[in-house]
Amino acid sequence: MGPEDLSIVFQGPLPDEEAIDYLQRSVFELKSQNPTCEIIVATWRGRSPESFANVDQVLLLDEPGSFAATARWWKPFKVRNANTKRMLHSSREGLRAATRKYCVKLRTDSRVDAEKLLACLQADLGTGLGS
């Protein structure tokens with residue numbers, strides 16, 4: 001297995017330029033060490049695809065909304081909007097778009113250490129990534 005067998009999906013919101021810059025740093029690090037891996041961003045409409053350098057595919061999804069939820073650990077007990085629908089929708093669509101044999105799904109606010117990520121995959125798969 002090599003980096004050409006790997007898709008990395010970033011899913012979630014990008015509410016401002018700071019969030020986009022944060023994601024771009026992660027993408028840059030991944031692509032600089034593994035230029036053949038596939039990078040997919042699954043986020044909400046309102047962001048231009050030109051905002052994402054070095055990304056193989058950008059999915060600009062319709063906002064699915066949220067649902068009201070209550071939980072006993074929230075104090076005081078009251079209804080709150082849960083983002084579960086958003087998370088499931090963007091994760092599903094990002095994973096559907098992946099074209100490689102292996103896929104890693106991360107949040108858009110994840111900071112990625114490409115070396116450590118690939119070392120974990122090598123250990124889990126029992127093969128040498130990049131070899």
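Let's start with one residue. Tyrosine 22 touches Thr108, Asp109, Ser110 and Arg111, leaving out residues up to four places away in sequence. Where does tyrosine 22 sit? Its place is in helix 1. Now look at the distance along the chain. Tyrosine 22 and serine 110 are 88 residues apart along the chain, yet their C-alpha atoms are separated by 8.4 Å. Tyrosine 22 counts as partly exposed, because its relative accessibility is 29%. A word of caution before I go on: this is a predicted model.

Now the whole chain. How many helices and strands does the chain have? There are 3 helices and 6 strands. Read along the sequence, their pattern is β-α-β-β-β-β-α-β-α. The chain has 131 residues, and 40% of them count as buried. Next, take the contacts in the chain with a separation of 6 or more. Of these, 62% are between residues 24 or more positions apart.

Aspartate 5 gives another example of a long separation in sequence. Aspartate 5 is in the segment before strand 1. Threonine 99 is 94 residues away from aspartate 5 in sequence, but 8.6 Å away in space, C-alpha to C-alpha. And which residues does aspartate 5 contact, leaving aside neighbours within four places in sequence? They are Arg100, Lys101 and Tyr102. With 23% relative accessibility, aspartate 5 counts as partly exposed. The cut-off matters here: buried means under 20%, so a residue at 23% misses it.

On to the inside. In soluble globular proteins, nonpolar side chains tend to be buried together. Here, the largest nonpolar core has 21 residues. Which of them touch the most other members? Ile8, Phe10, Leu30 and Ile39 do. Several elements each supply at least two residues of this core: strand 1 (6–11), helix 1, strand 2, strand 6 (102–107) and helix 3 (114–125). Helix 1 gives the largest share, 5 residues. Apart from this core lies another one, of 8 residues. Among its members are Ala42, Trp44, Leu59 and Ala97.

Let's zoom in on leucine 30. Not counting residues up to four places away in sequence, leucine 30 touches Ile8, Phe10, Cys37, Ile39, Val112, Ala114 and Leu117. Find Ile8, Phe10 and Ile39 in that list. Those three, with Leu30, are the core members that touch the most others.

Next is lysine 31, also found in helix 1. Is lysine 31 buried or exposed? It counts as buried, because its relative accessibility is 14%. What does its side chain meet? A polar atom of the lysine 31 side chain lies 2.7 Å from the backbone oxygen of cysteine 37. Leaving aside neighbours within four places in sequence, lysine 31 is in contact with Cys37, Ile39, Asn54 and Asp56.

One of those contacts, Asn54, deserves a stop. Asparagine 54 is in the loop between strand 2 (38–44) and strand 3 (57–61). Its phi is near 65°. That is a positive value in a residue other than glycine. Asparagine 54 is partly exposed, with a relative accessible area of 43%.

Over to helix 2. Glutamate 93 lies there. Its side chain makes a polar contact with the side chain of arginine 92, at 3.1 Å. Leaving aside neighbours within four places in sequence, glutamate 93 is in contact with Leu59 and Leu61. We have met Leu59 already, as one of the residues in the 8-residue core.

Last stop: the largest pocket. How much space lies in it? About 270 Å³. It is lined by 16 residues, and the closest to its centre are Gly12, Pro13, Arg107, Thr108 and Asp109. Helix 1 (17–33) and helix 2 (84–97) are the elements that give two or more residues to the lining. By class, the lining has 7 nonpolar, 5 polar and 4 charged residues.

And that brings us back to the start. Thr108 and Asp109 are among the residues closest to the pocket centre. Both are also touched by tyrosine 22.

Notes
Residues are numbered from 1 along each chain as its sequence is written. This is a predicted model: local features need pLDDT of at least 70, side-chain atom pairs count only at pLDDT 80 or more; totals for chains, interfaces and linings use all residues. Side-chain values use heavy atoms; hydrogens and water are left out. On a 1 Å grid over the protein atoms alone, a cavity is a set of points where a 1.4 Å probe fits but cannot get out, and a pocket is an open set with protein on both sides within 12 Å along at least five of seven lines; lining residues have an atom within 4 Å of a point. Grid points are joined across faces, edges and corners, and a volume is the space filled by probe spheres set on the points. Helices (H or I, at least four residues) and strands (E, at least two) are DSSP runs, numbered from the N terminus. Ala, Val, Leu, Ile, Met, Phe, Trp, Tyr, Cys and Pro count as nonpolar, Asp, Glu, Lys and Arg as charged, and the others, Gly among them, as polar. Buried means under 20% relative accessible area, exposed over 50%, partly exposed in between (1.4 Å probe, protein chains only). A nonpolar core is a set of buried Ala, Val, Leu, Ile, Met, Phe, Trp, Tyr and Cys residues joined through side-chain atoms within 4.5 Å. Contact means heavy atoms within 4.5 Å. A polar contact is a pair of N or O atoms within 3.5 Å; within protein, one must be able to donate a hydrogen and the other to accept it, and residues adjacent in sequence count only if both atoms are side-chain atoms.
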